[in-house]
Amino acid sequence: MNTDSDYMLRSETIRIHTDEDFAGMRKAGRVAAECLDMLIPYVVPGVKTSYLDDLAREFIADHGGLSACLFYRGYQHTVCISPNHVVCHGIPSDKTLREGDIANIDVTCIVDGWHGDTSRMYEVGVVAPKAKRLIDVTYEAMALGLAQIKPGNTFGDIAAAIQKYAEAQRCSVVRDFCGHGVGRVFHDNPNVLHFGKAGTGPRLEKGMFFTVEPMINLGKPDVKVLNDGWTAVTRDKMLTAQCEHSCGVTDDGVELFTASPTGQFKPLPVLG
Ligand code: MF3
Ligand code: CO
Ligand code: CO
């Protein structure tokens with residue numbers, strides 16, 4: 001029997017959260033989203049990615065949070081910054097971003113024990129149309145996945161919506177990384193796949209919290225991790241993009257915990 005009063009466990013040990021827990025995620029998600037908003041004017045040609053990491057660290061501290069990434073499995077930085085062919089887990093460094101680059105910045109803040117995990121794409125100066133298109137396809141794929149979230153649908157419905165759209169746009173879905181349950185735990189059950197068959201996998205229930213964070217490639221889906229143990233890149237060195245929101249299943253749909261309070265990056269997806 002489960003005597004942990006914080007959680008009830010059901011549906012293959014996917015945690016079910018209370019209304020109070022939603023309030024906790026709202027606060028954490030907001031700080032994460034505001035951090036990504038804050039960075040927008042600093043993502044310019046010539047900026048060191050370590051400088052963006054410094055800004056994020058100070059912002060999170062000033063807002064009563066902690067970075068969940070700092071010291072996570074030995075990771076030494078606040079955010080992940082993944083330019084061009086870097087799929088995810090790019091390490092901030094002295095390297096600068098250059099005109100025409102695209103980059104994902106992924107932040108996870110802990111506020112009052114809750115984790116807000118979100119990432120978006122940034123354009124450095126003027127970027128090529130094919131890079132812009134990849135960003136749009138990735139955002140739309142995530143939005144279509146989020147639009148599947150309501151009690152009674154399955155995790156496979158989310159996955160299938162993402163894969164179907166991305167592949168119809170002649171892009172590919174990365175298989176090696178997935179979304180995850182989120183809440184008091186950074187990476188919780190279940191694995192949220194971004195490819196698969198509709199109607200498969202666990203059913204969504206009110207109170208489940210998880211991320212949807214598809215990585216979409218212009219070329220092949222294959223990735224490899226560099227010798228630093230973190231940086232994941234496309235094997236064919238073609239461009240890749242990612243968008244991530246943390247969300248909760250409501251009575252009749254989904255709540256996005258990491259939506260930009262001022263509507264930055266992209267309009268909110270039409271949900272429900
Ligand atoms: N934020 C990433 C995710 O979406 C995880 C980064 S872990 C780190 O799950 F250690 F690399 F920062
Ligand atoms: Co995540
Ligand atoms: Co993340």
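Residues count as partly exposed when their relative accessible area falls between the buried limit, under 20%, and the exposed limit, over 50%. E99 is partly exposed, because its relative accessible area is 48%. The structure described here is a predicted model. E99 sits in the loop between β5 (86-88) and β6. Its C-alpha atom is 5.0 Å from that of P45, although 54 residues separate the two along the chain.

The model holds two cobalt ions, ligand 2 and ligand 3, which lie 3.3 Å apart. D117 bridges them. The cobalt ion (ligand 2) has four protein donors: D117 (OD), H180 (NE2), E213 (OE) and E244 (OE). These donors lie 2.0 to 2.2 Å from the ion. Along the sequence, the donor residues of the cobalt ion (ligand 2) follow the spacing D-x62-H-x32-E-x30-E. The 6 donor atoms around this ion subtend angles of 51 to 158 degrees, so the arrangement is irregular. For six donors, an octahedral label would require opposite donors over 155 degrees apart and all other angles between 65 and 115. Within this site, E213 lies in the loop between β11 (209-212) and β12 (215-217), and E244 in the loop between β15 and β16, so the pair ties together parts that are 31 residues apart in sequence. Both E213 and E244 are buried.

The cobalt ion (ligand 3) is coordinated by D106 (OD), listed twice, together with D117 (OD) and E244 (OE). The distances run from 2.0 to 2.4 Å. Here the donor spacing along the chain is D-x10-D-x126-E. Around the cobalt ion (ligand 3), 6 donor atoms subtend angles of 59 to 167 degrees, and the arrangement is therefore irregular. D117 belongs to strand β7 (residues 114-123), whereas E244 is in the loop between β15 (240-242) and β16 (245-249), so this pair ties together parts that are 127 residues apart in sequence.

The surroundings of D117 were examined next. D117 is buried because its relative accessible area is 3%. E244 is likewise buried, with a relative accessible area of 1%. The side chain of D117 makes a polar contact of 2.9 Å with the side chain of T108. T108 lies in strand β6 (residues 102-111). At a relative accessible area of 1%, T108 is buried. D117 thus has a place in several contacts, because it is a donor to the cobalt ion (ligand 2), a donor to the cobalt ion (ligand 3) and a partner of T108.Ligand 1 is surrounded by 14 residues. Among them, C69, D106, H187, E213 and E244 come nearest. By class, this shell has 6 nonpolar, 4 polar and 4 charged residues. An oxygen atom of ligand 1 lies 2.7 Å from a side-chain N or O atom of H187. For E213, the distance from a side-chain N or O atom to an oxygen atom of ligand 1 is 2.9 Å. For D117, a polar side-chain atom is 3.2 Å from an oxygen atom of the ligand. The protein covers 97% of the 340 Å² of accessible area that ligand 1 has on its own. Some residues recur in the ligand shell and the metal sites. E213 and E244 are among the nearest residues to ligand 1, and both are donors to the cobalt ion (ligand 2). D106 also comes among the nearest residues to ligand 1 and coordinates the cobalt ion (ligand 3).

Backbone geometry was inspected at three further positions. The peptide bond from N189 to P190 is cis, with omega near -5 degrees. P190 lies in strand β10 (residues 188-192). F71 has a positive phi, near 75 degrees, and is not a glycine. This residue is found in the loop between β3 (66-67) and β4 (80-83). F71 is exposed, because its relative accessible area is 61%. K237 is another non-glycine residue with a positive phi, about 60 degrees. K237 is placed in the loop between β14 (232-234) and β15. With a relative accessible area of 61%, K237 is exposed.

Note on methods: Residues are numbered from 1 along each chain as its sequence is written. Chains are lettered from A and ligands numbered from 1 in the order in which they are written. This is a predicted model: local features need pLDDT of at least 70, side-chain atom pairs count only at pLDDT 80 or more; totals for chains, interfaces and linings use all residues. Side-chain values use heavy atoms; hydrogens and water are left out. A residue is near a molecule or strand if one of its heavy atoms lies within 4 Å of it. A polar contact is a pair of N or O atoms within 3.5 Å; within protein, one must be able to donate a hydrogen and the other to accept it, and residues adjacent in sequence count only if both atoms are side-chain atoms. Accessible areas come from the Shrake-Rupley method with a 1.4 Å probe; for residues, only the protein chains shown count as cover. Ala, Val, Leu, Ile, Met, Phe, Trp, Tyr, Cys and Pro count as nonpolar, Asp, Glu, Lys and Arg as charged, and the others, Gly among them, as polar. Donors are N, O and S atoms within 2.8 Å of the metal (3.2 Å for Na, K and Ca); water is not among the atoms, so sites may look incomplete. Four donors count as tetrahedral if all angles lie between 85 and 135 degrees; four count as square planar and six as octahedral if opposite donors are over 155 degrees apart and all others between 65 and 115; anything else is irregular. Helices (H or I, at least four residues) and strands (E, at least two) are DSSP runs, numbered from the N terminus. Buried means under 20% relative accessible area, exposed over 50%, partly exposed in between (1.4 Å probe, protein chains only).
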